Structure formats: C-alpha cells, structure tokens
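Visitor: Please show me the model. I would like to ask how each label is earned.

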Amino acid sequence: MANNQRPADMARITTPALAKAFIEEQVTALRAQIGDGKVLLALSGGVDSSVVAALLIRAVGKQLISVHVNHGLLRKGEPEQVIRVFRDELHGELIYVDAVDRFLDKLAGVADPEKKRKIIGKEFIDVFAEEAEKLSGIRFLAQGTIYPDILESGPVKSHHNVGGLPESLNFELVEPLKFLFKDEVRVVGKELGLPESMVERQPFPGPGLGVRCVGAITRDRLEAVRESDAILREEFANAGLSGKVWQYFTIVPDFKSTGVRDGQRSYDWPVVLRAVNTRDAMTATIEPIPYDLLAKITDRITHEVPGVNRVLYDITPKPTGTIEWE
Ligand code: XMP
C-alpha cells in the first residue's frame, strides 16, 4: 500500500527557494526510483500534468515519454502551446495524437451529459492505451495526482479526470506531486521554468469544452464555444482579471433565437458567460464583471464569432447552479 499521508514535518512550498529544494529532492528520488527505465505520461497541458512532465524531464530527460491527446475539446491554442513548451523548449519526448475526428464522431448525436462524459473518458483511455501498446519497454506511469485528489470526497458528477488506465497494463506509478496543494504545484512549475500562462491556468474539466457545448456536440457550435472562450480569456487578461477570478468561460446552449444583422433577420445561438469564485468548487459565488467589460465582450463575441447573435451573463451561484452547465 502506498503511503498517502503528507509528512507532518513537510514545509509548505511558498517561495522559489523552497520550490528549488523540493525539485532537487524529487530529482534525486525520481532518478533512484526510475533508474534507466522508461516513463509514460498523459500530458493534458493542465497545471498538474505539465509540472509532472517538466519535473520528469529535469530528472530523466527523454526517458519520459509524454502523450498529448487532442480530443477536439481543448481550448484555443492549447495543443500548440503543449508542443511548443515540451518539445521545442524543454526538448522532451512528446507524442502528439490528433484524435479530434475520433472523439467527435463518437460524440455525434449524444445529448446526455453523463453519457458524453463517459464516452470522452473511455475514448481517452482507449487512445492512450493504444499509444502505450505501440511503445515497448515502458515500466512506469507518471500521474499528476495532487494532495486534494487523495483527500477529496465524493463529487456530484462523474468527475473522472482523464488519464486512468486499465490495471492490466501493469505500470508502476510515479506521482511526484502527490503531497502538494495546488498553490505549491504552481510555485514548483514556475521554478521549473514553465510559462505563467500554463502554471496559472484556471481549472479546466477533463471533458473540456464538451460540457460547455450543451447537448449533442456539433462542430460549428463547438467552434463557437472555443472562439468565444478565447475572446473572454483575452478580455479578462486585458482587464487584469485573469489571476483574480477562479474560473471563467463560455457556454453555448443548443437553441437559437432571432436577431438582426446588417438589416437582415438572423437566427443564431446565444453565448452564456460564466465567471465564478470558489475555494473548493463545492459552492461558488459570482464575479461581478464591470459593466463596460461585459459590453465589450458582448460586442466582440457577437461580431467575431460566427453563428452567435446574443450574449447572456449567468449570475447564478452554486448552489443552485453547478459551475459547469452539464
Ligand atoms: P461543477 O460543475 O460540478 O464543477 O460545479 C465543479 C468543478 O469541477 C469541474 N468539473 C470537472 N472536472 N471532470 C473534471 O475533471 C469533469 O467531468 C468535470 N465536471 C466539472 C468544473 O470545471 C469545476 O471546476
């Protein structure tokens, strides 16, 4: 049984110097554990898996093989950033799998949120296992498990974080962040030289934009989610809100309403904005976005995102709403 208790004397990692010491300690421990073995990692590009990848590259270089699966539900620019950082800058061994068509074909016509989650989770494991089987001599599987994952109690939805693999593959686990809290992971990530935009990223659900393209996902509506999300993030960054608001994103429901554009009647989707603050995601309050900023975001989304003619702001706290719409 693995020890899953954070050591009582472990200092909270709050400064670059403490992060440096943690990194040095882990590099030694990882080298001792891994020897000349090979390690596999599902690299989503989220904070935890990115920090694990950077740490393992520091410790064992190209003995780490990271697999980045693009399931088509990632935010704008994310796969490109993962490739740039881990392949071009850190010179890691990275397998990029373009599985967009495969996921979207499987999801076509599926409207039930939990069925969508299950399909995304299962497909992810299948794609990852297929990649793992193509490789030989892999003994270890690295995971971005952090301390709250160990402590967490039963969630409301089936929150399977992507990355779980069939036990039959028989890997030995490598979990260098398992005693760290999120803020500590960020400090370590910065010390490892990861870009601010990666280390300070807001939480992003495993099923990605799939749960924000409400109901049955279509490619054009999914693009409306991705483009409106990119605009929202850009405007939040310009307004200095990025690091201050816990989670902010857009949703595109599966209905249309009438509007006018260039003197013609339009019949298009609305985009819903959501910006919430929370400590533990069990309850959440609403970020009061300044009115001018709301107006600017609305103007940009309605003019720049094809198929959208309205913007709504969801001011429902959790409870009664959940943070995501599905
Ligand atoms: P809800 O919508 O339940 O979300 O208020 C709470 C937090 O969990 C995230 N979330 C998920 N994360 N897989 C994940 O890894 C999921 O299926 C999933 N659903 C919701 C959500 O973004 C929020 O941060």
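Guide: Contact here means heavy atoms within 4.5 Å. V85 touches L90, L194, P195 and M198, not counting residues up to four places away in sequence. Keep in mind that this is a predicted model.

Visitor: Why is V85 called buried?

Guide: Buried means under 20% relative accessible area. V85 has 2% relative accessibility, so V85 counts as buried. The residue is found in helix α3. From V85 to G121, C-alpha to C-alpha, is 25 Å in space, with their positions 36 residues apart in sequence.

Visitor: And what makes H71 buried?

Guide: The relative accessibility of H71 is 4%, so H71 counts as buried. H71 lies in the loop between β2 (64–70) and α3 (78–89). Leaving aside neighbours within four places in sequence, H71 is in contact with V100, F103, I120 and G206.

Visitor: How do you know that the side chain of H71 makes a polar contact with the backbone nitrogen of L73?

Guide: A polar contact needs a pair of N or O atoms within 3.5 Å, one able to donate a hydrogen and the other to accept it. A polar atom of the H71 side chain lies 3.1 Å from the backbone nitrogen of L73. The H71 side chain also reaches the backbone oxygen of G206, at 3.4 Å.

Visitor: Why is the pair D48 and K182 called a salt bridge?

Guide: The cut-off is 4 Å, from a side-chain nitrogen of Lys or Arg to a carboxyl oxygen of Asp or Glu. The closest N and O atoms of D48 and K182 are 3.1 Å apart, so the pair forms a salt bridge. The pair links distant parts of the chain, 134 residues apart: D48 is in helix α2 (residues 47–60) and K182 in helix α7 (residues 182–191).

Visitor: Are D48 and K182 buried or partly exposed?

Guide: D48 has a relative accessible area of 13%, so D48 is buried. K182 is at 31%, so K182 counts as partly exposed.

Visitor: What are the values for R75 and E78?

Guide: Their closest N and O atoms are 2.7 Å apart, in a salt bridge. R75 is buried, at 3% relative accessibility. E78 is buried too, with a relative accessible area of 6%.

Visitor: Where do D126 and K122 lie?

Guide: Both lie in helix α5 (residues 113–134), four residues apart, about one turn of the helix. Their salt bridge has its closest N and O atoms 2.5 Å apart. Salt bridges that share partners also join E234, E235, K296, R300 and E304 into one network.

Visitor: Which salt bridges lie between domain 1 and domain 2, and how many are there?

Guide: The count is three. The domain assignment gives domain 1 as 16–199 and domain 2 as 212–313. Elsewhere in the contact list, 13 residues of domain 1 are in contact with 12 residues of domain 2. The area buried between the domains is about 1,100 Å², and carbon and sulfur atoms give 54% of that area.

Visitor: What makes a nonpolar core, and which residues have the most contacts inside the largest one?

Guide: Its members are buried nonpolar-set residues, such as Leu, Ile and Phe, joined through side-chain atoms within 4.5 Å. The largest nonpolar core has 46 residues, and L40, F236, L273 and I301 have the most contacts inside it. Helix α9 (residues 219–238) gives the largest share, six residues. At least three residues come from each of domain 1 and domain 2.

Methods:
Residues are numbered from 1 along each chain as its sequence is written. This is a predicted model: local features need pLDDT of at least 70, side-chain atom pairs count only at pLDDT 80 or more; totals for chains, interfaces and linings use all residues. Side-chain values use heavy atoms; hydrogens and water are left out. Buried means under 20% relative accessible area, exposed over 50%, partly exposed in between (1.4 Å probe, protein chains only). Helices (H or I, at least four residues) and strands (E, at least two) are DSSP runs, numbered from the N terminus. Domain bounds come from an automatic or database domain assignment. Buried area is the accessible area (1.4 Å probe) that two parts lose on being put together, summed over both.
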